[in-house]
Amino acid sequence: MEKWPLASLAIFWLQLSWVSSEDKVIQSPPSLVVQEEDSATLNCSYQVTNFQSLLWFQQQENAPTFLFRQISNGIQKSGRLKGTLDKKVLLSTLHITATQLGDSATYLCAVEAQCGLVSCSPSPNTTAEAPATVRWGPC
């Protein structure tokens with residue numbers, strides 16, 4: 001059986017928060033190094049007022065691709081991706097199984113808040129950590 005050469009898998013992590021300046025969206029870990037067929041888990045913790053939903057996106061090159069939206073506690077699957085939401089501990093995780101080179105991307109975690117009569121907009125004061133990176137590493 002022929003072996004594939006090692007390649008670099010980079011998962012960059014960004015998050016968006018469409019909430020007030022006192023709210024927070026924080027990801028961990030800041031970086032990951034994985035081998036092909038390994039698993040990768042990204043965490044998105046949040047502290048928001050009037051939580052409505054949490055959205056996951058994957059961005060490769062130009063435009064982000066919507067992965068899924070989580071409104072209530074539980075698990076949501078899409079192929080090799082599994083998202084969990086636990087509103088009690090204010091945490092969502094994105095788990096990628098059997099990683100592939102095509103998983104190299106920027107992943108975005110966005111939190112929506114219910115606004116009532118006032119319109120929501122991105123807050124320049126919202127806390128956001130630096131992107132995390134997942135890369136293929138040597139055997």
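Author: A residue is called buried when its relative accessible area is under 20%, exposed when that area is over 50%, and partly exposed in between. The structure shown here is a predicted model, and these cut-offs will be needed several times below.

Reader: Why is Ser78 called partly exposed?

Author: Ser78 has a relative accessible area of 35%, and because this value falls between the limits of 20% and 50%, the residue counts as partly exposed. Ser78 belongs to strand β7, which covers residues 74-78, and its C-alpha atom is separated by 9.9 Å from that of Ile96, a residue 18 places away along the chain.

Reader: What makes Cys44 and Cys109 a disulfide?

Author: Their sulfur atoms are 1.9 Å apart, and since two cysteine sulfur atoms within 2.5 Å are taken as a disulfide, the pair meets the rule. By that rule the count comes to 1 disulfide. Cys44 sits in strand β4 (residues 40-47) and Cys109 in strand β10 (residues 105-113), so the bond ties together parts that are 65 residues apart in sequence. Both cysteines are buried.

Reader: Why is this disulfide, between Cys44 and Cys109, called left-handed?

Author: The torsion about its S-S bond is about -65°, and the disulfide is therefore left-handed.

Reader: How do you know whether the aromatic pair of Tyr46 and Phe51 is stacked or edge-to-face?

Author: A search of the whole structure finds 2 aromatic pairs. In the pair of Tyr46 and Phe51 the ring centres lie 4.9 Å apart, with 20° between the planes; centres within 6.5 Å make a pair and planes under 30 degrees apart count as stacked, so this pair is stacked. Tyr46 has 2% relative accessibility and Phe51 has a relative accessible area of 19%, so both fall under the 20% limit and are buried.

Reader: What makes the pair of Phe57 and Phe66 edge-to-face?

Author: The planes of Phe57 and Phe66 meet at 70°, with 5.7 Å from centre to centre, and because an angle over 60 degrees counts as edge-to-face, the pair receives that name. Phe57, with a relative accessible area of 19%, is buried, whereas Phe66, at 45% relative accessibility, counts as partly exposed.

Reader: Which residues have the most contacts inside the largest nonpolar core?

Author: They are Tyr46, Leu54, Trp56 and Leu94, in a core of 21 residues. Strands β3 (31-34), β4, β5 (51-59), β6 (64-70), β8 (81-86), β9 (91-96) and β10 each supply at least two residues of this core. Leaving aside its neighbours within four places in sequence, Leu94 is in contact with nine listed partners, among them Trp56, Leu67, Phe68 and Tyr107.

Reader: How many helices and strands are there in the protein chain?

Author: The chain has 0 helices and 11 strands, and buried residues make up 38% of its 139 residues. Of the contacts between residues at least 6 apart in sequence, 67% join residues at least 24 apart.

Reader: Where does pLDDT stay under 50?

Author: It does so over residues 14-19, for which the model has 33 contacts beyond four places in sequence, and over residues 116-139, for which it has 72 such contacts. Since pLDDT is the predictor's confidence in each residue on a range from 0 to 100, a value under 50 lies in the lower half of that range. For the chain as a whole the mean pLDDT is 74, and 67% of the residues reach 70 or more.

Technical notes:
Residues are numbered from 1 along each chain as its sequence is written. This is a predicted model: local features need pLDDT of at least 70, side-chain atom pairs count only at pLDDT 80 or more; totals for chains, interfaces and linings use all residues. Side-chain values use heavy atoms; hydrogens and water are left out. Helices (H or I, at least four residues) and strands (E, at least two) are DSSP runs, numbered from the N terminus. Buried means under 20% relative accessible area, exposed over 50%, partly exposed in between (1.4 Å probe, protein chains only). Rings of Phe, Tyr and Trp (its six-membered ring) pair if their centres lie within 6.5 Å; planes under 30 degrees apart count as stacked, over 60 as edge-to-face and the rest as tilted. Contact means heavy atoms within 4.5 Å. A nonpolar core is a set of buried Ala, Val, Leu, Ile, Met, Phe, Trp, Tyr and Cys residues joined through side-chain atoms within 4.5 Å.
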